[in-house]
Every structure is written in structure tokens, then in C-alpha cells.
Amino acid sequence: MAPTPMTATLDLSDMGLDSRNRGNFDPMDLRAEARSHDQLLEERLDRIVPELMERHGFEAWVIAAREYNEDPVARTMLPSTWLRTARRRTLLVFKDGGRRRGAIARYPIGPFPSVWDPRAQPDQWIALQEHLTDVEGTVGINTSDTFALADGLTSSEHHALTRALDDHHLEPADVLAIGWLETRLPEEVARMQEACAIAHELLRTALSGEVIEPGVTSTEDVAWWLAQRSHQDGFTNWFHPGVSPQRHGDEMSTPADRTTDRMIERGDLVHIDFGIVRSGYHTDQQQHGYVLREDEDSAPASFVAGLEQGNRLQDILMESMTPGRTGNETLSTTLERAKEEGIRPIVYTHPIGLHGHAAGSTIGLWDNQEGVRGEGDYPLGVNTGWSIELAVEMTVEEWGGQTCRIMLEEDAFLDDKGTTFLDGRQEQLWLIG
């Protein structure tokens with residue numbers, strides 16, 4: 001089943017998305033953060049799940065998770081003090097098109113009222129069967145051939161669940177799982193914006209003389225500085241920071257060239273790929289800094305022009321992103337328009353939010369510009385977060401015609417009015433003296 005866009009829209013103009021309130025973020029109060037998380041979780045369960053189930057014709061949705069092998073969807077539905085882990089076997093059940101929910105589990109689960117008395121019925125699967133005796137319509141289960149995040153039902157759980165519900169009509173609930181994971185409420189957008197601003201501040205510092213001393217600082221020094229600062233500031237990283245230089249005489253860099261530790265030298269174009277997790281929301285950003293030579297006070301003109309082309313490619317992609325259009329259609333339109341303008345584009349954009357490479361459509365892969373079967377055929381959803389990730393190839397005349405890449409990534413938000421950066425983007429190369 002292909003989803004249709006949610007009808008609600010978010011007005012970004014009231015959220016201060018053009019502000020730059022950086023550097024003044026207080027440490028989180030854990031109890032207050034937990035309370036806020038749980039309130040927002042109930043809002044999401046009340047507002048998003050019923051709309052998705054009604055739209056796609058599901059009367060019930062069963063999510064089964066076992067401790068330390070949790071369904072990715074279940075992890076995002078658990079209260080704060082559960083720390084995203086199930087207890088023994090945890091069954092979360094939605095009925096009446098999502099308007100009623102309950103837990104068949106041995107422990108209370110916050111927003112899911114208990115609907116099982118183990119003393120009266122010791123068998124958990126029979127309890128599930130009895131709980132769904134009044135359900136005559138379609139029951140969704142989390143299996144998917146396309147999306148890993150919607151395929152959380154393990155083999156043994158799938159066998160037990162289908163045996164318990166053999167008289168029900170079961171269908172893959174990938175549209176419910178993806179819709180739940182990708183859809184953002186207004187309160188969440190503000191949190192994503194703040195996480196982006198914090199990550200930008202750290203990224204900007206990393207691409208400066210505060211961290212980089214040419215001939216002394218290595219790429220891994222910068223990567224571990226970012227990881228350490230994230231830890232000290234109370235965040236986590238969902239991937240190890242990637243730092244890589246492009247240098248006169250090097251072969252052209254690709255997104256895979258981020259594992260070799262190299263000394264940073266004058267004349268290098270330094271690229272960083274960096275993301276944090278704050279309050280459960282992920283960021284993913286890539287920017288560049290140029291290390292000035294002794295006789296330079298600005299970056300080579302070819303790099304400046306390359307960044308301008310990268311910004312233009314961002315504009316073209318974001319103009320092409322429309323709710324309901326597939327990722328492959330968006331990719332094709334973007335590449336065609338960019339090439340018409342003389343840009344040499346590579347587009348590999350992905351959703352972001354509750355995961356780094358999050359639920360939703362895929363707009364290209366860095367090593368596949370022909371379209372992505374399955375994930376790329378999925379429509380873009382409204383009220384969704386995106387990492388606008390792409391690159392442009394450029395000829396560096398100052399390096400004897402060597403080909404290099406400007407690789408950019410900034411987080412953005414898509415609603416029915418268009419796509420907007422959550423905290424701006426890099427529009428000038430950071431200069432490192």
C-alpha cells in the first residue's frame with residue numbers, strides 16, 4: 001500500500017527557524033526531560049496512530065518485542081524510564097483503528113494500559129488472542145521486504161503471533177511503521193531545530209584554529225575532539241565523526257574515504273561528517289573548511305565556486321521535494337535540472353528524526369544515481385525531517401585541473417509548503433589560519 005500525505009501542516013514561521021540562538025544551551029534536567037518525553041509520546045500516540053490506521057484501513061496493530069531484540073517501532077513507543085528496552089516479551093496492541101491501545105505485558109507501560117492478567121490467563125499469546133476476539137478487520141504486523149525499520153517482527157515472534165491469530169486477516173504494517181517513525185509534530189520540529197543548532201556550533205568550532213593546527217592536528221584528532229565534546233555536553237553520536245582532507249595531487253574523495261588518519265596540512269580542503277543525538281532526535285551535517293597557506297588570505301576561487309554550486313544543488317533538490325512524489329522521481333528531476341545548469345551532481349538524501357538514516361523514502365545513494373528500487377519508490381511524506389545530503393564535482397584550476405568534490409549535508413523539514421532548513425546551511429568556506 002502506498003501512503004498518502006497527512007493533511008495537517010506545520011507553520012515553520014512561528015518556530016524561529018531562521019534564528020541563530022547558538023552557544024547558550026543549558027544542560028538537560030533529566031527528570032524534566034523524561035516528563036517532556038512522555039507527554040510528547042502520548043501526544044504522538046493519540047494523534048498520529050489513529051490517523052494512520054484509519055487512512056490505511058487497519059482495525060488493529062500488534063507490535064511484539066523481546067528484551068534486547070526490540071522491534072525498532074516498539075523502542076520509540078516506550079516511556080522514558082524504560083530506556084528503549086522491552087521487558088521479557090512486550091506486546092503493544094492498538095484496536096478500533098488506533099483509538100484504543102493496551103499492553104499485554106507483565107509490567108505497566110506508561111501510555112499503554114495493561115489488558116492482561118497473567119493469573120487469570122498465564123499464556124501471553126492466548127491473552128492476545130482473547131483481546132482481539134472482537135476484531136474483524138485487518139490486523140497489522142511489522143513485516144516488510146523493503147524497510148528494515150518496519151521489519152521488526154523476529155522469526156520466532158512471527159511464528160507464534162501468526163499461530164495465535166490464525167483466524168484473523170494479517171497484513172504487513174509497513175505503512176503504519178514508516179508513517180509513525182517519520183511524522184513529526186510541531187513540538188518535535190522545535191527540538192530538532194535546537195539539536196541542529198548545537199551540532200552546527202560544534203562543527204563550526206571543529207573547522208577552526210581552535211581545534212586544527214596545520215601539521216600538528218590529524219583527522220582522527222578532530223574526530224575524537226568532536227566525539228569527546230559530544231559526550232561532555234551530554235549528547236551521543238550515532239556514528240563516529242568522519243574527517244577527511246582533499247589535497248593537491250590526491251585522487252578524488254568519495255563518502256567512503258573517511259577512515260584513514262591523515263595529518264592536516266596547509267592547502268587542504270577539510271571535510272567533516274558529524275551527527276549527534278539529543279532528546280532522541282538525530283542530526284546529520286557535513287561542512288568544509290579550507291586551511292590557508294602562508295601566503296593566502298582566502299580560499300581558491302574554484303572551491304568558492306564549488307560551494308556555490310553545492311548550494312544551488314541544495315536549492316534544486318529542495319524545490320523538487322513534494323509530498324506524494326517518490327524519492328526516485330525527486331532524484332530524476334533534481335539531476336536533470338542540475339545538469340541543465342552545468343552542475344555535476346550526486347544526490348544521496350535520506351530522512352532523519354528518531355533514527356539517523358531514518359524511516360521514509362530514499363532520494364538516491366552516493367553509489368547509485370539511477371534510482372533505488374523499493375525505498376526510492378516510496379512517496380515523500382508531509383511533516384517529515386530530511387538530511388539534504390549531496391555532492392558536486394568540480395575542476396580545481398589552481399590544482400592543475402584536478403577534480404574534487406564538495407560534499408554537503410544539512411537537516412531540513414518538509415511540509416505542504418515546501419522544504420526549509422532547520423538551522424540554515426554553510427554558504428561560505430570556513431577558513432582555518
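**Exercise 1. Arg-44**

Task: In this predicted model, work out where Arg-44 lies, whether the residue is buried or exposed, and which backbone oxygen its side chain reaches.

Solution. Begin with the location, which is helix 1 for Arg-44. Next comes accessibility: the relative accessible area of Arg-44 is 4%, and since buried means under 20%, Arg-44 counts as buried. The third step follows the side chain of Arg-44, which reaches the backbone oxygen of Trp-180 at a distance of 2.5 Å. Finally, list the surroundings: leaving out residues up to four places away in sequence, Arg-44 touches Val-49, Trp-180, Leu-181, Thr-183, Arg-184, Leu-185, Glu-188 and Leu-354.

**Exercise 2. Helix 5**

Task: Determine how many of the residues of helix 5 are buried, and state which elements these buried residues pack against.

Solution. Go through the helix residue by residue: Asp-174, Val-175, Leu-176, Ala-177, Ile-178, Gly-179, Trp-180, Leu-181 and Glu-182 are buried. That amounts to nine of the nine residues of helix 5, so the helix is largely enclosed by the rest of the structure. To see what does the enclosing, turn to the packing partners of the buried residues, which are helix 1, strand 1, helix 2, strand 5 (169-172) and strand 13 (384-396).

**Exercise 3. The largest nonpolar core**

Task: Describe the largest nonpolar core by naming the residues with the most contacts inside it, the element that gives the largest share, and the contacts of Met-77.

Solution. Start with the core as a whole, which has 44 residues, with Trp-61, Met-77, Phe-94 and Trp-180 making the most contacts inside it. Then assign the core to elements: two or more residues come from each of helix 1 (30-56), strand 1 (60-66), helix 2 (72-75), strand 2 (89-95), helix 5 (174-182) and helix 6 (186-206). Of these, helix 1 provides the largest share, seven residues. A second core of 32 residues lies apart from this one, and includes Leu-269, Ala-299, Leu-335 and Leu-429. For a closer view of one residue, take Met-77, which, when neighbours within four places in sequence are set aside, is in contact with Leu-41, Leu-45, Val-49, Trp-61, Ile-63, Leu-92, Phe-94, Pro-111, Phe-112 and Trp-180. As background, nonpolar side chains in soluble globular proteins tend to be buried together.

**Exercise 4. Two pockets**

Task: For the largest pocket, give the volume, the residues nearest its centre and the make-up of its lining; then do the corresponding work for the second largest pocket.

Solution. The largest pocket holds about 790 Å³ of space. Its lining is made by 29 residues, and Glu-33, His-37, Arg-84, Ser-279 and Gly-280 lie nearest the centre. Two or more lining residues come from each of helix 1, helix 6, strand 8 (277-278) and strand 9 (281-282), and the largest share, eight residues, belongs to helix 1. Sorted by character, the lining of the largest pocket has 13 nonpolar, eight polar and eight charged residues.

The second largest pocket has a volume of about 520 Å³. It is lined by 27 residues, of which Tyr-348, His-350, His-357, Leu-365 and Glu-389 are the closest to its centre. Its lining divides into 14 nonpolar, seven polar and six charged residues.

**Exercise 5. Positive phi and a neighbouring glycine**

Task: Identify the phi values of Asp-96 and Ser-279, place each residue in the fold, and then examine Gly-97.

Solution. The rule to start from is that most residues other than glycine have a negative phi. Asp-96, however, has a phi near 50°, which is positive; this residue sits in the loop between strand 2 and strand 3, where it is partly exposed at 28% relative accessible area. Ser-279 also has a positive phi, near 55°, and belongs to the loop between strand 8 and strand 9. Gly-97 is found in the loop between strand 2 and strand 3 (100-104), and with 8% relative accessibility it counts as buried. Setting aside neighbours within four places in sequence, Gly-97 contacts Val-49, Pro-50, Met-53, Glu-54, Phe-58 and Glu-59.

**Exercise 6. His-271**

Task: Locate His-271 and find which side chain joins it in a polar contact.

Solution. His-271 is part of strand 7 (residues 269-274). Its relative accessible area is 0%, so His-271 is buried. A polar contact of 2.7 Å then links the side chain of His-271 to that of Gln-286.

Notes. Residues are numbered from 1 along each chain as its sequence is written. This is a predicted model: local features need pLDDT of at least 70, side-chain atom pairs count only at pLDDT 80 or more; totals for chains, interfaces and linings use all residues. Side-chain values use heavy atoms; hydrogens and water are left out. A nonpolar core is a set of buried Ala, Val, Leu, Ile, Met, Phe, Trp, Tyr and Cys residues joined through side-chain atoms within 4.5 Å. Buried means under 20% relative accessible area, exposed over 50%, partly exposed in between (1.4 Å probe, protein chains only). Helices (H or I, at least four residues) and strands (E, at least two) are DSSP runs, numbered from the N terminus. Contact means heavy atoms within 4.5 Å. On a 1 Å grid over the protein atoms alone, a cavity is a set of points where a 1.4 Å probe fits but cannot get out, and a pocket is an open set with protein on both sides within 12 Å along at least five of seven lines; lining residues have an atom within 4 Å of a point. Grid points are joined across faces, edges and corners, and a volume is the space filled by probe spheres set on the points. Ala, Val, Leu, Ile, Met, Phe, Trp, Tyr, Cys and Pro count as nonpolar, Asp, Glu, Lys and Arg as charged, and the others, Gly among them, as polar. A polar contact is a pair of N or O atoms within 3.5 Å; within protein, one must be able to donate a hydrogen and the other to accept it, and residues adjacent in sequence count only if both atoms are side-chain atoms.
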